[in-house]
2 protein chains.
Amino acid sequence: MKNKPIEVTARCPIRTTLELVGGKWKLIILQQLISHEELRLSELKILIPDISEKMLIQELKTLKISDLVNRINYGEVPPRVGYRITEKGRNAQFLIDEMVHFARSYEE
Amino acid sequence: MKNKPIEVTARCPIRTTLELVGGKWKLIILQQLISHEELRLSELKILIPDISEKMLIQELKTLKISDLVNRINYGEVPPRVGYRITEKGRNAQFLIDEMVHFARSYEE
DNA sequence: CAGGATCCTTTACGATACTG
DNA sequence: CAGTATCGTAAAGGATCCTG
């Protein structure tokens with residue numbers, strides 16, 4: 001059986017944000033795209049060395065669906081694809097700043 | 001085999017914050033404790049109806065270990081226990097505010 | 001009332017081989 | 001190069017029963 005009624009806390013903005021950028025990697029990826037104008041998959045792999053290729057691709061796909069990231073296919077061969085932060089995605093900057101601030105003040 | 005070297009991105013404040021308040025429930029719990037002075041387990045269950053008892057207790061324990069939440073045992077019988085936000089925990093307010101803001105501006 | 005213990009399902013994540 | 005497909009493990013989360 002499912003838990004209690006969900007209506008009460010259902011459309012909570014915290015949960016919305018968690019769905020959009022929750023998990024281990026999405027904010028890390030967004031951070032890189034915010035500070036780099038455009039990045040290729042191979043470049044992201046280098047910037048985030050401990051992410052698995054599967055997760056990187058999977059999260060990029062999710063972020064694109066959420067319109068937080070754009071994917072530019074240059075249609076060249078060998079394949080050349082670029083990822084860019086969107087306008088909506090750039091708002092994550094404030095969130096990241098706060099997380100950095102929270103971590104810093106926690107460590108005092 | 002583990003992935004690539006972790007040293008590069010290891011002590012990243014984003015990851016620190018994720019470790020402290022990541023997951024589905026910690027921020028929701030902190031939010032309630034921030035806006036309620038003191039809450040008992042049974043009250044938290046009502047305020048967050050769709051959390052399982054196991055998760056609620058487990059997350060409160062983790063938050064206490066991280067010193068984001070205090071647990072007050074009144075030593076009465078029947079048992080009476082209160083949970084309060086700590087000073088460190090109260091800093092999560094800014095984080096929550098930003099998450100709310102992010103969700104709002106996303107939904108435009 | 002608060003919470004421990006247990007069992008189970010689901011989701012997140014990772015390693016690796018393969019393809020246009 | 002930028003993926004897809006597949007398989008496996010680990011962690012998160014949930015239901016239920018039990019206890020002082």
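So, what turn and what shift lay chain B on chain A? A turn of 180° and a shift of 0.0 Å along the axis do it, with an RMSD of 0.0 Å; the fit is by least squares on the C-alpha atoms of residues with pLDDT of at least 70 in both copies. The two copies are therefore related as by a two-fold rotation axis. They also use the same surface: 100% of the contact residues of chain B (contact means heavy atoms within 4.5 Å) recur in chain A.

Quick housekeeping. This is a predicted model, where local features need pLDDT of at least 70 and side-chain atom pairs count only at pLDDT 80 or more, while totals for chains, interfaces and linings use all residues. Residues are numbered from 1 along each chain, chains are lettered from A in the order written, and side-chain values use heavy atoms, without hydrogens or water.

Now, the core. The largest nonpolar core has 59 residues, meaning buried Ala, Val, Leu, Ile, Met, Phe, Trp, Tyr and Cys residues joined through side-chain atoms within 4.5 Å, with buried being under 20% relative accessible area for a 1.4 Å probe, protein chains only. Ile29, Leu30 and Leu33 of chains A and B touch the most other members. Leaving out residues up to four places away in sequence, A:Ile29 touches A:Ile48, A:Ile51, A:Leu56, A:Glu59, A:Leu60 and A:Leu63. The element giving the most to this core is α6(A), with 7 residues; helices here are DSSP runs of H or I, at least four residues, numbered from the N terminus.

That's my tour, thanks!

Key
Buried < 20%, exposed > 50% of the residue type's maximum accessible area, 1.4 Å probe, protein only. Helix = DSSP H or I, 4+ residues; strand = E, 2+ residues; numbered from the N terminus.
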